[in-house]
Amino acid sequence: MILSIHGVTKSFDGKDILRDASFHVENNEKVAVVGINGAGKTTLLKLIIGELTADEGEITFSKDVTFGYLAQNQNIDSGNTIYEELKEVKKDVIDLEESIRAAEEDMKHLQGEALEQLLNRYTAMSEEFKHKEGYAWKSQVLGVARGLGFADEELDKSIATLSGGQKTRVALGKLLLQNPDLIILDEPTNHLDMSAIRWLENYLLNYKGAVMIVSHDRYFLDKITDKVIEVENCRVSSFTGNYSAYAVKKEQKRAIEWNAYIKQQAEIKHQEEVIAKLKSFNREKSIKRAESREKMLDKIEVLDKPMDVNDSMKITLKPICESGNDVLTVEGLAKSFGSEKLFSGLGFEIKKGEHVAIIGDNGTGKTTLLKIINRAERMDEGTITLGAKVQIGYYDQEHHVLHDEKTLFQEISDAYPTLNNTEIRNTLAAFLFTGEDVFKRIGDLSGGEKGRVSLAKLMLSDANFLILDEPTNHLDITSKEILESAIAGYEGTVLYVSHDRYFINKTATRILDLTGGQLVNYIGNYDYYMEHVDERMQRLLGGADAETASGRTTGTRIGTVAGTSSSDKNSDGALDWKAQKEAQAKKRKQEAALKKCEEEIAKLEERDSQITLELSDPSVGTDLAKLRKLTDEQNEIGERLSELYDQWESLSEDG
């Protein structure tokens, strides 16, 4: 154990933020800290690093443990370049290397005892240099810089000229290069594109130390974490497993808590009715019995009411008017800003009912593409054709559709005057605005709250073709899940840009990857994309000449190769569909086998723990027959578990 949190309580202005929080972090453990916005996650991190002091409780690090902390926003004040700033972390190694080089030079001019002393010092410095991986410091610095999305030509940029997001990436790079025993990260993926996020995932998975992460990126948490710390209603709970495992266990725990609460409330009500009845008899014996029951009732530890699950807050997005089958056709689209060309020759089609996600690295032109389709940005070349009866509903990151001077209630009622008070309140409640919240000014809302209001207005519109630019930005996990449910069940057509891979995985039926000025088509969700992206990109980059000569693009590269016929497109689409179905069948079979394997492992591990507990009983030690029986059973379980672990590993690799 490298970190212990025991009975920690923290309040601000008399309001509890954390109450009796307890958990621990083991060496090499990867821990997620989750909870709604304002639950106290960042407060917890600041208590751990010592920025805040707990009102009660203890926070204890193991001896000599080092930690590094990355806040959500960094304002690095430095005259260094990016490379120089990252290099600062390796200053001790660089200084040591310079001392070694100087010693090598001095040895040329020394003899006798002075030379021998310098040789001994040189040997010690060389050993220390090797121990600190000094020979790899340059490659480590460059590897981290490139992994976090900095091109080599950007490394000479001054820190002072960088944006807030770029400075945060530099700070993250410095933290990773420090290599502490515990890395503590607050929303580390906020300023990273997908390539950088995937790199960071791999880096943290292989990191020889513990990691604690606050993040709303559920796909990221699924990939990395093996424990989830939940902050909810001032309480802290610990769950083993990744985010998906936590979500399942959380629902089970919530159901148990609700049942216990309802049962206790019913019992309290029953006892109160009995007490009232006994008192109504107005006899000495009955009154004493009533008083006895009242004392028993006072001793009951009343359970807190579990937080609402918002099961009633389900958004239903259903177009009032259906569009034709052909929703959008884009041909020969090109856009440049000055000498910088974003893309050219782009072409794709979207059919009714499709949910299409556009992904790609920062700066590739995804948002610009959406703005062009929505007539908010002019194109240089190309044509955009909307189908019959298509009505666009557009959601942008800047929330230009909102009016800062209005209240939430006014924003909805002015836009949709036919709605009554109840309908407006129900709509806002679906996006977690209840009670007096509806009278807040738009200008006083956070970015996430403004996002929810914009989505509420979109829900009420007559649109049947939703165009969304980063719809989950600034939303907490609860709000994301509500939106996911709405989009997944939406009967109209959706085109959106998002970096939220979990959201894409839940809602997309097709993915367009904007890379290198081209669109690459994947018929499936994000998991399907990840399964095929490497193979497909190799095929596109390696076989472009052959594909061009044959007039085919294997149904993947869109609007970049001339001469692709309609029949070719249909044929390739059918091949893609068939391959997808075969892959899905194979995946379902593999998932079933994996689930069965995991269930047997869990069952045997539980029995193994029971046996270990039984063996710790002193009475078993004197019962040789029982001792032998338990030992034999535990050995058999160990052998079977070894087989199952191998089987699980094989199935996981196949998946």
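**Rings, charges and one helix**

Let's start with the aromatic rings: this predicted model has a count of 13 aromatic pairs. A pair of aromatic rings is described by two things, the distance of the centres and the angle of the planes. Take Tyr-203 and Tyr-207 as one example: their ring centres are 6.3 Å apart and their planes sit at 25 degrees, so this pair is stacked. Planes under 30 degrees apart count as stacked, which is the cut-off that matters here. How do the two partners sit with respect to the surface, buried or exposed? Tyr-203 is partly exposed, with a relative accessible area of 24%, while Tyr-207 has 6% relative accessibility and counts as buried.

Now look at Tyr-522 and Tyr-529, whose rings form an edge-to-face pair. Here the centres are 4.9 Å apart, with 80 degrees between the planes. Planes over 60 degrees apart go into the edge-to-face group. Tyr-522 is buried, at a relative accessible area of 0%, and Tyr-529 is buried as well, at 3%. These two tyrosines also belong to a wider group: together with Tyr-219 and Tyr-526, they form one aromatic cluster.

Rings can have charged neighbours too. Arg-169 lies over the face of Phe-150, 4.4 Å from the ring centre. Further along the chain, Arg-452 lies over the face of Phe-433, again at 4.4 Å from the ring centre.

Next, find helix 7, which runs over residues 194-205. Tyr-203, from the stacked pair above, falls within that stretch. What span should the 12 residues of helix 7 have? At 1.5 Å a residue, they should span 16 Å, and the end C-alpha atoms are indeed 16 Å apart, so the two values agree. Which residues of helix 7 are buried? They are Met-194, Ala-196, Ile-197, Leu-200, Glu-201 and Leu-204. Around the axis, these residues cover an arc of only 155 degrees, which means that they are on the same side of helix 7.

Finally, a word on the cysteines. A disulfide is a covalent bond between the sulfur atoms of two cysteines. How many disulfides does a search of the whole structure find? The answer is zero. As for individual cysteines, Cys-234 is buried, with a relative accessible area of 13%, whereas Cys-321 counts as partly exposed, at 31% relative accessibility. The cut-off between the two classes explains the labels: buried means under 20% relative accessible area.

How values were computed:
Residues numbered from 1 in each chain as written. Predicted model: local features only at pLDDT ≥ 70, side-chain atom pairs only at ≥ 80, totals over all residues. Heavy atoms only, no water. Disulfide = S-S within 2.5 Å. Buried < 20%, exposed > 50% of the residue type's maximum accessible area, 1.4 Å probe, protein only. Phe/Tyr/Trp six-rings, centres within 6.5 Å; stacked < 30°, edge-to-face > 60°. Lys NZ or Arg CZ within 6 Å of the ring centre and 35° of its normal. Helix = DSSP H or I, 4+ residues; strand = E, 2+ residues; numbered from the N terminus. Expected span 1.5 Å × (residues − 1). Arc of directions from axis to C-beta.
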